[in-house]
Amino acid sequence: MPTTRRQFLSLAGSVTAAGAIPIVTLRPVEATPAMLTTAIRNIVGEAQIRTGKVKLDIPPLVENGNTVPMTVSVASPMTADDYVKTIHVFNEKNPQPNIGNFHLGPSSGRAQVSTRIRLADSQKVVAIARLSDDTFWQVAADVVVTLAACTEEIN
């Protein structure tokens, strides 16, 4: 039986309407300290995280959370035998706890990354460096944000 124009248009309209329905995934508006711990454990596994070697330059008081300057540097000679493999930056309260992952190597010159980040609220920012000997080093800083970012009103 041939398809009529009316049946075709009805079917095409149904497919279009079904495609326009948004797929909603529910996740918390902000991360929790437990989500921060989980995100860090996903990167380091069960390895011990030591304090030191990593320096996090971020303002302690930020007027606007939409653009927060941040520099992470690691004390490393960056030679073929001793270098920084990765730098990971995490936050405590943004919708996504992992801000960024930066991959380095001996030819990077120096172990330093600078960028701007968004912060949803006053929170702790953690930077973790993985060295070539597979040790992990961290530093944390508390940042007070007066005008929050990463927030959208849902109507």
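**Exercise 1. Surroundings of Ala127**

Task: Determine which residues Ala127 is in contact with, leaving aside its neighbours within four places in sequence, and decide whether Ala127 is buried or exposed.

Solution: In this predicted model, the contacts of Ala127 beyond four places in sequence are Val54, Val72, His88, Val89, Trp137, Gln138 and Val139. The next step is to place the residue: Ala127 belongs to strand 8, residues 123-131. One of its contacts, Trp137, is 10 residues away in sequence, and the C-alpha atoms of the two lie 8.3 Å apart. The last step concerns accessibility. The relative accessible area of Ala127 is 0%, and buried means under 20%, so Ala127 is buried.

**Exercise 2. The nonpolar cores**

Task: State how many residues the largest nonpolar core has and which of them have the most contacts inside it. Then list what Val84 touches.

Solution: The largest nonpolar core comprises 26 residues. Ile58, Val72, Val74, Val84 and Ile87 have the most contacts inside it. At least two residues of this core come from each of strand 2, strand 4, strand 5, strand 7, strand 8 and strand 9 (136-147). With residues up to four places away in sequence not counted, Val84 touches Val74, Ser76, Met78, Leu104, Gly105, Ala111, Ala129, Arg130 and Leu131. Another core lies apart from the largest one; it has 8 residues, including Ala39, Val44, Val126 and Phe136. As general background, nonpolar side chains in soluble globular proteins tend to be buried together.

**Exercise 3. Two residues with positive phi**

Task: For Lys53 and Met78, give the phi angle, then the location and the accessibility of each residue.

Solution: The general expectation is that most residues other than glycine have a negative phi. Lys53, although not a glycine, has a positive phi of about 65 degrees. Its position is in the loop between strand 1 (49-51) and strand 2. With 41% relative accessibility, Lys53 is classed as partly exposed. Met78 is likewise not a glycine and has a positive phi of about 55 degrees. Met78 is located in the loop between strand 4 (68-74) and strand 5 (84-91). Its relative accessible area is 6%, and Met78 is therefore buried.

**Exercise 4. An open sheet**

Task: Give the strand order of the open sheet of 3 strands and explain why one side of strand 2 and of strand 7 is left without a neighbour in the sheet.

Solution: The order is 2-4-7, and the pairing is antiparallel. Strand 2 and strand 7 (112-117) are at the edges; each has a single partner strand, so one side of each has no neighbour in the sheet. On average, neighbouring strands of this sheet are turned by 15 degrees against each other, direction ignored. The antiparallel strands 4 and 7 are joined by 6 bridges. Val68 stands opposite Ile117 of strand 7.

**Exercise 5. The whole chain**

Task: State how many helices and strands the protein chain contains and which elements have the lowest and the highest mean pLDDT.

Solution: The chain contains 2 helices and 9 strands, and from the N terminus the elements run α-α-β-β-β-β-β-β-β-β-β. The lowest mean pLDDT, 67, is that of helix 1 (residues 5-20), and the highest, 98, is that of strand 2 (residues 54-57). Over the protein chain the pLDDT averages 86, with 84% of the residues scoring at least 70. Of the 155 residues, 34% count as buried. Among contacts with a separation of 6 or more, 65% join residues 24 or more positions apart. The accessible surface amounts to about 9900 Å², and carbon and sulfur atoms hold 54% of it.

Definitions and conventions. Residues numbered from 1 in each chain as written. Predicted model: local features only at pLDDT ≥ 70, side-chain atom pairs only at ≥ 80, totals over all residues. Heavy atoms only, no water. pLDDT = per-residue confidence, 0-100. Helix = DSSP H or I, 4+ residues; strand = E, 2+ residues; numbered from the N terminus. Buried < 20%, exposed > 50% of the residue type's maximum accessible area, 1.4 Å probe, protein only. Pairing = 2+ DSSP bridges. Axes fitted to C-alpha atoms, helices over the stretch in contact; angles between N-to-C directions. Contact = heavy atoms within 4.5 Å. Areas by Shrake-Rupley, 256 points an atom, 1.4 Å probe, with all protein chains shown as cover. Core = buried A, V, L, I, M, F, W, Y, C linked by side-chain atoms within 4.5 Å.
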